[in-house]
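Me: I would like to learn how to read a protein structure step by step. Could you take me through its features and explain each term as we reach it?

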Amino acid sequence: MVSNKLISTKEELFEKIATYDISILPMVKKAYDYAEKMHNNQYRKSGEPYIVHPLNVAYEVALMHADGETICAALLHDTLEDTKATYQEIAYLFSPTIAYLVDGVTNLNNLDMQTKEAKDMANYRKVIRGFNKDWRIIIIKLADRLHNMRTLEYKSPEKRYYKAKETLVYYAPLAFFLGSHNIKDELEDLSLKYLEPERYAILMNEREEIALKNASMMQEMLAKIQEILNQNDVPSDIIIRIKHVYGIYREIQKGHNFYDIHDLLALKVLVNEVRDCYASLGLIHSLYPPVNEKFKDFIANPKTNHYKALHTTLFTPNERLLQCRIKTYEMDYEDRNGILSYWADQKKKGSLDSFSDLVVNYPFLETIGQMDKIYEDDKEYMEHIRTEVFGETVYIHLKSGQIIQLPKGSTPVDVAYSISKEVGDLAHMAVVNENLVPFNYVLKNNDRVQIITREGLKNPDHENWESYAKTTRARVLIAKDSKRV
Ligand code: MN
């Protein structure tokens, strides 16, 4: 899974950029020259000239087809922290936006704090605040972290452990919420590799073994599916996928057996149109029967990070389950590039322009913004981000068919206030699946929830609801209410 997409020359970066936007090359070349000059005589722990690091960070964002400002900022991202470069100079030589982006990924200096932890918390908060204004900061930060994780072997064991832990807690979830699944998977695998090296090696081996053992079966299924799709005029590309190591690790932590992981082996089926997805689904089921309760339609009900696909798990001739993920080429492109391609796409359509538009489309951004206003203490703030936003979540189906993602431990109070303040305030009864439940009922994954409101009559238990709420959003809206009354 851990790929090696490292580059060592600027030409490789320029070639990559030329494949999608040749007009930004002059600016990128200028940024490269400036960064190289500034980092002159600096070296990484690996012994390479320092410029190799920003070069690779820029390459990573170029793989996502980032715009010119993002690529320049990626090249310059360490100049404020580690060289004589200044904000004003970058703003003057390049642009104020590029200077803002570079500053956004730069750690605060002269922090008047005692512990490393307190400094870290303040720095995380700065990054999160910065990307509240321009989310491209987080794309650069993720690419920065990815390259640092890929080259972590050169650091001391203590540093490795610390960075790996930090990556797992903050950066991998961020990548997930922004819809960059490839980055998320790689960050998780690299973290595990340094946090539990022996475990990682064992799982990696077992994974290889299973892949090898089932290779011919998967090839055969691939060929059969391709054949039936061809016969029915559905052109497709099919790719074999094996679950990433950390994904397997997590399943095993949950008590699942290697044989029990329904998506360990997978086929990714790519087609042109949405209707081809559904047609393919029917054709595939005619060859291999599905496990009924494992079918998911993320096209009609996309995940909150905009992930779209049909998921179906099939019984196979080998008595091993195999997951089929069916999607269009466009969905796959968005899945690989996350928020960047979503942004580019919406801009083309002219329907998104500012960050506030984006917030509506990525609910976790809104939550993060709210938390920033509520929690003054950096540590408390980051603790809420860690547990409430980046922690374990449950998916809840609303009566409207919409799926919402809430932190584990959420109750119908959280559901009601996630719909609107009005629904929360007037909520009278909560029905989960087919049963009436109290408002402190702890929701489980895939629960169907209906909130029944009643005008002018508060639920008698309402005064306790603040203590039932798990989400900051619900607590804020309840507190607002009690102040007004
Ligand atoms: Mn860096």
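Reply: Let us begin with metal donors, which are N, O and S atoms within 2.8 Å of the metal (3.2 Å for Na, K and Ca); water is not among the atoms, so sites may look incomplete. In sequence, the donor residues of the manganese ion here follow the spacing H-x23-H-D-x65-D. Please keep in mind that this is a predicted model, in which local features need pLDDT of at least 70 and side-chain atom pairs count only at pLDDT 80 or more, while totals for chains, interfaces and linings use all residues. Residues are numbered from 1 along each chain as its sequence is written, and side-chain values use heavy atoms, with hydrogens and water left out.

Me: Which residues are the protein donors of the manganese ion, and through which atoms?

Reply: They are His53 and His77, each through NE2, together with Asp78 and Asp144, each through OD, and they lie 2.2 to 2.4 Å from the ion. To place them we need helices (H or I, at least four residues) and strands (E, at least two), which are DSSP runs numbered from the N terminus. His77 sits in the loop between helix H4 (68–76) and helix H5 (79–82), whereas Asp144 belongs to helix H9 (residues 136–150), so this pair ties together parts that are 67 residues apart in sequence.

Me: Are His77 and Asp144 buried or exposed?

Reply: The words rest on relative accessible area: buried means under 20%, exposed over 50%, and partly exposed in between, using a 1.4 Å probe and protein chains only. His77 has 1% relative accessibility and therefore counts as buried, and Asp144 counts as buried at 12%.

Me: How should I read a nonpolar core?

Reply: In soluble globular proteins, nonpolar side chains tend to be buried together. A nonpolar core is a set of buried Ala, Val, Leu, Ile, Met, Phe, Trp, Tyr and Cys residues joined through side-chain atoms within 4.5 Å. The largest one here has 84 residues, of which Leu13, Val28, Ile71, Leu76, Ile90, Phe131 and Phe364 touch the most other members. A second, separate core has 37 residues, including Met218, Val245, Ile284 and Leu322.

Me: What is Ile90 in contact with, leaving aside its neighbours within four places in sequence?

Reply: Contact means heavy atoms within 4.5 Å. With those neighbours within four places in sequence left aside, the partners of Ile90 are Tyr34, Leu76, Thr79, Leu80, Ala85, Ser95, Ile98, Ala99 and Val102. Ile90 is found in helix H6 (residues 87–93), and its relative accessible area of 0% makes it buried. For Ile71, again leaving aside neighbours within four places in sequence, the contacts include Ile17, Tyr20, Ile24 and Val28.

Me: How many cavities of 30 Å³ or more does a search of the whole structure find?

Reply: On a 1 Å grid over the protein atoms alone, a cavity is a set of points where a 1.4 Å probe fits but cannot get out, and lining residues have an atom within 4 Å of a point. Grid points are joined across faces, edges and corners, and a volume is the space filled by probe spheres set on the points. The search finds two cavities of 30 Å³ or more, and the largest has a volume of about 100 Å³. Of the 14 residues that line the largest cavity, the closest to its centre are Asn305, His306, Tyr307, Glu334 and Asp335. Helix H16 (329–337) and helix H17 (339–349) are the elements that give two or more residues to this lining, and H16 gives the most, with three.

Me: How do the linings of the two cavities divide into nonpolar, polar and charged residues?

Reply: Ala, Val, Leu, Ile, Met, Phe, Trp, Tyr, Cys and Pro count as nonpolar, Asp, Glu, Lys and Arg as charged, and the others, Gly among them, as polar. The lining of the largest cavity has six nonpolar, five polar and three charged residues, whereas that of the second largest has eight nonpolar, no polar and no charged. The second largest cavity holds about 70 Å³ of space, and its lining residues include Tyr124, Val127, Met382 and Phe390.

Me: Where does His306 lie, and what is its phi?

Reply: His306 lies in the loop between E3 and strand E4 (310–315), and its phi is positive, about 80 degrees, although it is not a glycine.

How values were computed: 1 Å grid on protein atoms, 1.4 Å probe; cavity = no way out; pocket = protein on both sides within 12 Å on 5 of 7 lines; lining within 4 Å.
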